[in-house]
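Hi,

Here is the structure I promised to pass on. Have a look at it first, and then read on for what turned up when I went through it.

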Amino acid sequence: MRIGILALQGAFIEHKQMLDRLGIQSFEIRQKRDIERGLDALIIPGGESTVMGKLLHQLELYEPLRARIEEGMPLLGTCAGLILLAKKLSNDSSVYFGTMDMTVRRNAYGRQLGSFYTEDEFRGIGKIPMTFIRAPYIEEVYGGAEVLAVVDGHIVAARQGNQLVTAFHPELNEDLSVHRYFAEMIRESSGEYTKNSAAALKRY
């Protein structure tokens, strides 16, 4: 199992540290040729979604990564990663990858609750620590997306097929549950993505 971590900006090092603790091989994706090393899954970390969106296009990473996502590559998006995957942002006209059936509100908690910590239920795992930093939340899921966690009435984690997103930062706590859940998702994908990935990349 080889997981690529988008390393353009944001908390990518912390994700690598979590995967190291699980004994999972990972590498940083900074330019187009990094994708050609072969990856079984992708992590899009927290950070500044606007900056990340621009860099994805400038570095010619957007099209090959989107193709792989559409082919079923397992993906974990945290905070900004969640924003990049949303089909609609309720308070912004931008759309980035737009591969998940959800409407998301950016910087949803405002200044007072811009950063906070809590513990709450995550479906399929149980109660886990959740650290929010100027976080978005999901206002609505539809189509193929399903809710995995809700905090104070707001959806903060969801899944659609092989795409998993959280509004919080699981990489900033000691708990490995979310990364372990993601690793199981990759194993369960049973090679379907691997069969299609080479063909997807050849288009770019």
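R106 and E48 meet through their side chains, in a polar contact of 3.3 Å. This is a predicted model, by the way, so please read everything below in that light. R106 sits in the loop between strand 6 (100–105) and strand 7 (115–122). Despite being in a loop, R106 is buried, because its relative accessible area is 12% and the cut-off for buried is under 20%. Its surroundings fit with that picture: leaving aside neighbours within four places in sequence, R106 is in contact with E48, S49, T50, I83, L89, N91, D92, Y96 and P136.

S189 is another loop residue to look at, this one between helix 6 (177–188) and helix 7 (192–202). S189 has a relative accessible area of 13%, so it also counts as buried. Its list of contacts, again without the neighbours within four places in sequence, consists of P74 and N162.

Now for two loops with a backbone quirk. R134 lies between strand 8 (126–133) and strand 9 (137–141), and it has a positive phi of about 45° although it is not a glycine. D152 is in the loop between strand 10 (146–151) and strand 11 (154–160), and its phi is near 50°, a positive value in a residue other than glycine. Are these two buried or exposed? R134 has a relative accessibility of 58%, so it counts as exposed. D152 comes out at 70% relative accessibility, so it is exposed as well.

There is a glycine with a positive phi too: G72, just after helix 4, with a value of about 105°. Helix 4 itself covers residues 62–70, and its buried residues are Y62, P64, L65, A67, R68 and I69. Note the arginine in that list, R68.

Over in helix 1 (residues 12–21) you will find K16. With a relative accessibility of 26%, K16 counts as partly exposed, because the value falls between the 20% and 50% cut-offs. K16 touches I5 and S26, not counting residues up to four places away in sequence. F27 is 11 residues from K16 in sequence, and their C-alpha atoms are 7.7 Å apart in space.

Stepping back to the whole chain, there are seven helices and 12 strands. The radius of gyration is 16 Å, close to the 17 Å that the globule rule gives for 204 residues, so the chain is as compact as a globular protein of that length. Along its principal axes, the C-alpha trace spans about 45 × 35 × 30 Å. Of the 204 residues, 54% are buried.

How do the contacts spread along the sequence? Taking contacts between residues at least 6 apart in sequence, 64% join residues at least 24 apart. On the outside, the accessible surface comes to about 9100 Å², and 44% of that belongs to carbon and sulfur atoms. As for charge, the chain has 24 positive and 26 negative charges, with mean positions 4 Å apart.

If you open it up, I would begin with the side chains of R106 and E48, then go on to the phi values of R134 and D152.

Cheers

Terms used: Residues are numbered from 1 along each chain as its sequence is written. This is a predicted model: local features need pLDDT of at least 70, side-chain atom pairs count only at pLDDT 80 or more; totals for chains, interfaces and linings use all residues. Side-chain values use heavy atoms; hydrogens and water are left out. Buried means under 20% relative accessible area, exposed over 50%, partly exposed in between (1.4 Å probe, protein chains only). Helices (H or I, at least four residues) and strands (E, at least two) are DSSP runs, numbered from the N terminus. The radius of gyration is taken over C-alpha atoms; the globule rule is 2.2 Å times the number of residues to the power 0.38. Contact means heavy atoms within 4.5 Å. Accessible areas come from the Shrake-Rupley method with a 1.4 Å probe; for residues, only the protein chains shown count as cover. Lys and Arg count as positive and Asp and Glu as negative; His and the chain ends are not counted. The place of a charge is taken as NZ of Lys, CZ of Arg, CG of Asp or CD of Glu. A polar contact is a pair of N or O atoms within 3.5 Å; within protein, one must be able to donate a hydrogen and the other to accept it, and residues adjacent in sequence count only if both atoms are side-chain atoms.
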